[in-house]
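The exercises below concern salt bridges and strand order, and each task sentence is followed by a solution that goes step by step. Please work through each task with the structure open before reading its solution.

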Amino acid sequence: MVRDLSTTLCGVELDNPIIPASGTFGFGAEMSDVYDINILGSISFKGTTLDSRFGNPTPRIAECSSGMINSVGLQNPGIDAVINHELPELRKRFHKPIIANISGFSIEEYTECCRRIDSEEQVEIIEVNVSCPNVHNGGMAFGTSPESAAAVTAAVKAVTTKPVFIKLSPNVTDIVSIARACEDAGADGLTLINTMLGMRIDIARRRPVIANKMGGFSGRAIFPVAVRMVYQVANACKIPVIGCGGVATAEDTIEMMMAGASAVQVGAENLRNPFACKEIIENLPKVMERLGLERLRDIIGVVK
């Protein structure tokens, strides 16, 4: 029996639910030399801001027993370079739906970046990262309050025609209230979770491992937190959810979809194992057969 791995995000059809998470797959160029990236359901390309960014000082990465901490600082070539170079190059290699991940440090920056990327035919979905610090509001991340997250959502929706997914931060006390605020403001979907906040200390040198002291904690250790938040949000909202956070296996993918995710992003595992997404896609039919599943979309949100 042929197993059906297909899924849908706001009318965008994916052959399978596996999407490399933004920041862990670049713009696809490096990985296209390793395997045929057209096996993927979609790609969320590297977080893009209005201007080019060098990122945070080094060292930027700290290893953990079940994950990693990063403080890359949104290093990217800027929206114009992405539109004029990176996106056309990616489309040469990848012939499936592309998700554009957009970041910003003010509502005006989010709006302008989303307006520009919305006119690009190569992009099917816009993913807005609201974990960035609001430079006009003391550095508090946009995604840590319902009001700020809703303000970004409404502003972006006013200048776009394509589906907009808001990528939420887990570093909050009530993820549901923020998700609902985004939905009420017009979001077409939600991606969660982004990285948690973590820190490592070099005990020999008595200083933080990362130059920025703290960074985003990701990897297998955060998977149960991600499943919990996906479950909460999927049951509280009517818009589709992309699950992200610690996904490393086909079994993780199915668990995340049972919690309510319509698709799944793989992040830190790509950095540990470059073949992670390929292996998950190849193993999904085997796990589905073992569980007696014919269509993946039938299990979305089955756990109540």
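Arg-295 is partly exposed, with 37% relative accessible area, where buried means under 20%, exposed over 50% and partly exposed in between (1.4 Å probe, protein chains only). The model is predicted, so that local features need pLDDT of at least 70 and side-chain atom pairs count only at pLDDT 80 or more, while totals for chains, interfaces and linings use all residues. Residues are numbered from 1 along each chain as its sequence is written, and side-chain values use heavy atoms, with hydrogens and water left out.

**Exercise 1.** Find the residue with which Arg-295 forms a salt bridge, and classify the accessibility of that partner.

*Solution.* Begin with the criterion, which asks for a side-chain nitrogen of Lys or Arg within 4 Å of a carboxyl oxygen of Asp or Glu. Asp-298 satisfies it, since its closest O atom and the closest N atom of Arg-295 are 2.9 Å apart. Asp-298, at 45% relative accessibility, is likewise assigned to the partly exposed class.

**Exercise 2.** Which residues are joined into one network by salt bridges that share partners?

*Solution.* The network consists of Asp-80, Glu-112, Arg-115 and Arg-116. Within it, the side chains of Glu-112 and Arg-116 meet at 2.8 Å, N to O. These two residues are four apart in helix H2 (residues 107-118), and therefore about one helical turn separates them; helices here are DSSP runs (H or I, at least four residues) and strands are DSSP runs (E, at least two), numbered from the N terminus. Glu-112 is partly exposed at 22%, and Arg-116 is partly exposed at 23%.

**Exercise 3.** Is each partner in the salt bridge between Arg-272 and Glu-269 buried or exposed?

*Solution.* The two side chains meet at 2.6 Å, N to O, and both residues lie in helix H7 (residues 268-272), three residues apart, about one turn of the helix. Arg-272 is exposed, with a relative accessible area of 59%, whereas Glu-269 is buried at 7%.

**Exercise 4.** Give the strand order of the open sheet of eight strands, and identify its edge strands.

*Solution.* The order is E3-E16-E15-E10-E9-E8-E7-E4, with parallel pairing, two strands being paired if DSSP finds at least two bridges between them. The edges are E3 (18-20) and E4 (43-44), each of which pairs on one side only. As an example of the pairing, three bridges join E10 (residues 189-192) to E15 (residues 241-244), with Leu-190 having Val-241 as its bridge partner in E15.
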